[in-house]
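Q: Got a minute to go through this structure with me? I'd like to start with a loop, then move on to the cores.

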Amino acid sequence: MNSSVVISGVGLWTPTHSISNEELVSSYNAYAEQYNLQNKAAIEAGELDEKPSSSPAFIEKASGIKSRFVLSKEGILDINRMRPYIEARGDDEVSHQAEMSIAAAKKALASANKTAADIDMVIVSCAYTQRSYPAIAIEVQAALGIEGFGFDMLVACSAATFGLERAVDAVKSGTSKGVLVINPELTSPQVNFKDRDSHFIFGDVATATVIESSDTCTSDHAFDILSTKCVTSYSNNIRSNFGHITHATDEDPYSADKMFHQNGRKVFKEVCPMAAEHIETHLQDQGIAVSDLKRWWLHQANLNMNLLISRRLLGRDATLEEAPVVLDEYANTASAGSIIAFAKYHDDLDSGDIGVICSFGAGYSIGSLVLRKR
Ligand code: CO8
């Protein structure tokens, strides 16, 4: 039998702290009330906009999100801070994102039946890295005792699928014998908790996968990667303008445009058809009918988006068994969402069952992998 490239293991690390919609909204509303009171004169003069109140019912209905995990809860709910407090660490200490990565990577290695000696490439791929260099991936590589090389990649919500495609190509070409792709999504520092439209969207998490050849695979729950497909199309509808230039522009590093901001309605309208078409063409290219899919591990940004995508392709809403939902508990975890869904919902599939991992988000960027249970 010809060898293939496989996902042989997956790991999920979840922070211990969580915040419910009710907790988040109650702190935001108290902040908004204080803001409106303190700025009463300017609001009445039309110089400032009044802060509208948020509601747990809106959040759940508009997004499907009920709660989110965060690395640090301290500070987020404090109406005089409205951002997490994350302790600074010295150069000789492990960085936050490396720590999250290591925890997820160890679980992925154990699930793949592998040790550090079986890996020679580490890709840390996520929406933000906490520093430019040295790469978080190289820090993780050293901590796990992996020989070879590592690098970081940034592709917002599609960082995991794009990273996986790089890993597949490396194994296919023989550049690598085993790759760890890690997604330490530390989103909470970039969330504007003072913004009613986006304060509820994100959560923190880390996922990791092991990619290798079927020739070396000893895992009993591996998936053949039949195909990968990545595409980007420039859009300004989802942006975060904080970067190394911020220091030189004298702009306020906490201003709203420096954090995550989006035109959510436009994103919804533009990305859903793009993602549906992407999945359809990817499957067609592989000679696979949509009805042959047993599982859709979709990006977890918004439940209504996922339902719309499945409706376009299936002519009906996908069931929870077909397209599992994790965003109710985890919220949008940028690139990790579809991998959390994969990590939690793959064991029940039978040999030969086909599924698709698909991400979509800022860039715009869309990435998918067609998998078949071995
Ligand atoms: N509480 C109560 N009411 C609210 C709230 C709230 N919290 N927020 C908005 N409203 C109001 C609005 O003001 C509006 O009122 P009105 O009709 O009077 O103007 C009404 O509710 C409807 O508002 P919207 O039209 O904005 O509501 P939608 O139904 O469109 O839902 C969503 C908003 C949930 C944001 C939806 O548009 C959505 O999910 N869109 C897609 C978003 C998406 O997928 N974005 C991807 C971003 S993630 C990504 O790409 C990765 C980035 C990297 C990670 C970043 C980490 C920080």
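Q: Which residues is Thr187 in contact with, leaving aside its neighbours within four places in sequence?
A: Phe202, Gly203, Asp204 and Ala334. Keep in mind that this is a predicted model.

Q: Where does Thr187 lie?
A: In the loop between strand 6 (178-185) and strand 7 (205-213).

Q: Is Thr187 buried or exposed?
A: Buried. Its relative accessible area is 4%, and the cut-off for buried is under 20%.

Q: Switching to the cores. Which residues touch the most other members in the largest nonpolar core?
A: Ile279, Leu283, Trp296, Met305, Ile309, Leu313 and Phe360. That core has 50 residues.

Q: Which elements each supply at least two residues of this core?
A: Three helices and three strands do: helix 1 (21-38), helix 8 (264-285) and helix 9 (303-314), plus strand 11 (293-298), strand 12 and strand 13 (365-373).

Q: Which helix gives the most to this core?
A: Helix 8, with seven residues.

Q: Take Leu283. What does it touch, not counting residues up to four places away in sequence?
A: Ile288, Val290, Leu293 and Val370.

Q: What other core lies apart from it?
A: One of 35 residues. Ala167, Val179, Ala336 and Ile339 are among them.

Q: Why would nonpolar side chains be buried together?
A: That is a general tendency in soluble globular proteins.

Q: Now Ile354. Where is it?
A: In strand 12, which covers residues 354-361.

Q: Buried or exposed, Ile354?
A: Buried, because its relative accessibility is 14% and the limit is under 20%.

Q: What is Ile354 in contact with, leaving aside neighbours within four places in sequence?
A: One group is Ile288, Asp292, Leu293, Lys294 and Arg295. The others are Val370, Leu371 and Arg372. Ile288, Leu293 and Val370 also turn up among the residues that Leu283 touches.

Q: How many Å separate the C-alpha atoms of Ile354 and Tyr128?
A: They are 31 Å apart. Along the chain, the two are 226 residues apart.

Q: Last one, His346. Where is it found?
A: In the loop between helix 11 (337-344) and strand 12.

Q: Is His346 buried or exposed?
A: Buried, at 5% relative accessibility.

Q: What does the side chain of His346 reach at 2.7 Å?
A: The backbone oxygen of Phe342.

Q: And what is His346 in contact with, leaving aside neighbours within four places in sequence?
A: Val10, His221, Phe223, Arg295, Trp297 and Lys373. Arg295 is also in contact with Ile354.

Terms used: Residues numbered from 1 in each chain as written. Predicted model: local features only at pLDDT ≥ 70, side-chain atom pairs only at ≥ 80, totals over all residues. Heavy atoms only, no water. Helix = DSSP H or I, 4+ residues; strand = E, 2+ residues; numbered from the N terminus. Buried < 20%, exposed > 50% of the residue type's maximum accessible area, 1.4 Å probe, protein only. Contact = heavy atoms within 4.5 Å. Core = buried A, V, L, I, M, F, W, Y, C linked by side-chain atoms within 4.5 Å. Polar contact = N/O pair within 3.5 Å; in protein donor to acceptor, adjacent residues only side chain to side chain.
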